[in-house]
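Subject: Structure for you, plus some notes on the strands

Hi,

Here's the structure I promised to pass on. Have a look first, and my notes follow underneath.

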Amino acid sequence: MMSCQNRIYGAEFSKREIEKTVGTNRLLSMEIEFNRNCNFNCIYCYVQNDSNGRKELSAEESRGAIKQAGELGARKIIILGGEPMLYPPIMEMLRFIKGLGMEIEMFTNGTNITPSVAKTLSDLGVVVVLKMNTSDEKLQDVLSGRKDAYRHIQKAFNNLKDAGYPYSCSMGISTIICKQNFSELIGMWEWMREQKIDPYIEMITPQGKARENGMLEIDPGRIKELFEKISQIDREKYGYNWKPQPPLIGGQCLRHQFSCAVNAYGDVLPCIGVTIPVGNIRESKLSDILKDSEIIQELRNYKKTIKGPCSKCESSNECYGCRGAAYQMTGDYLASDPSCWKNSDRRKDIISLPVEVDGLVPHKQPMLVVDRLLEVKERESVSEIKISEDSIFVGEDGRLNEVSYPEIFSQAIAAQNGFREIGNGGPRSEGLLLAIKNMEVMDSAYAGDNLIVSVFKAARYKGFGIIKGKIFKRGDLIARGEIKVWHSDKNNGDKSGIPGKD
């Protein structure tokens, strides 16, 4: 039987290991989905329908991603889903991961965990985290969206216990905090501690189905009281000393410092809550994706990039809220976490998308053309324009002059950069439009039209960048082209791109 390292919740890796990982663009762990199918229909599930007709990764592709993670230093693979125990080659994949000398943590609803499977999982040293939200059978069935969910989970739990868990190997129970189970969470925590089971009790990230089920929501003040009460119980009764902070009871979430997620379609994400693909393992090496991603680098450099109240919080050295909640609630992965109880009376200081570009860009009327920034992605953003009749770029015939299109791209990328920096203090970075290339105009726009502008940083070197832009009217592409720009990045201290300076 293989031995398991006892997991201290929220402290798998040392501060020194994490700092070294940040500085070298490496990993200590990686989350991965093998499949998206599931036999439960949990009303809080984070999974979104984002397949877009793509095929799930083959077993060979998943093994390749795991191997690349190992080469980057990852010591642990966290398996999510879908329901991983519905993945036909799951046992083969577990043996492969163990063969690479990596730890395994698997989140499951207990499907297919028979006595023999439970024994094999224990022998392989798999840390099983069983999803169990309540001791109430009817409520568990409601939350799981399946009539016999409670009995299904309990059967798996008993099989795992009979196989030696949590003594032969660590075991956890994953529980969401919601209005319906709130009154029993303290009792569940104490029961898990008595059972030597690691409690994974956490706040719901408002995404996927959880976004559609407002009935699950609970006041942040009550959540604070829950965290503080359990912290007191854990300290006085069980000898665990920790500081209450969202989103995990008794733990920290600084995963963006040392981890990433790969979904079932090969998209690499900062985490399952920040649902912005920063690359795809079918197209690029994992090491290149992590190194080249602006989002990954900004999150790893969070002490300089997080905006608003969270950037000034006394706990900022060990907490930056839930990045998933921040992104899902504001559209900005660097925003302060609105779900944190510390921000309950500071929400007016948290800026959310969409946002007016006035104040984000150096342009002023009458030169200002772009109106609102709608969305920010990996090296990409989407903006909106309402063409005004009195715009200096509109001719007597009411048509938008084509000479304005490069200026629109320039303002759109300036808005994207300005949004990254807003709330961090200091001077706004500077920028210049240097050149225009491959401009194509397929149709005209007129006063009163609403336009959508998409800009993408296709290439960059120090302060210089090539921006590809597209303009749409009522969903139809009417113009596209490239511009060359220079931009000083105050966050990274990059002034080397200034013409004529070293």
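Quick bit of vocabulary before the details: two strands count as paired if DSSP finds at least two bridges between them. Also keep in mind that this is a predicted model.

On that basis, strand 2 and strand 3 (residues 103-108) are paired, running parallel with four bridges. One of the facing pairs there is Ile 79 with Met 106 of strand 3. To get from strand 2 to strand 3, the chain passes through helix 3 (residues 90-99), and that β-α-β crossover is right-handed.

Strand 2 has a parallel neighbour in strand 1 (residues 29-33) as well, with five bridges joining them. Glu 33 has Leu 80 in strand 2 as its bridge partner. Here too there's a right-handed β-α-β unit, made of strand 1, helix 2 (residues 59-71) and strand 2.

So how enclosed is strand 2 (residues 76-80)? Largely, because five of its five residues are buried. That holds for both faces: Lys 76, Ile 78 and Leu 80 are buried on one side, Ile 77 and Ile 79 on the other.

Further along the chain, the pairing is antiparallel. Strand 11 (residues 372-377) and strand 12 (residues 380-386) are joined by five bridges in that sense, with Lys 377 partnering Glu 380 of strand 12. Their hairpin has two residues between the strands, and Arg 379 takes a positive phi near 55° there. Strand 12 also pairs with strand 14 (residues 450-461), antiparallel over seven bridges, and Glu 380 sits opposite Phe 456 of strand 14.

Cheers

How values were computed:
Residues are numbered from 1 along each chain as its sequence is written. This is a predicted model: local features need pLDDT of at least 70, side-chain atom pairs count only at pLDDT 80 or more; totals for chains, interfaces and linings use all residues. Side-chain values use heavy atoms; hydrogens and water are left out. Buried means under 20% relative accessible area, exposed over 50%, partly exposed in between (1.4 Å probe, protein chains only). A crossover is right-handed if, with the strands pointing away from the viewer, the path from the first strand over the helix to the second runs clockwise.
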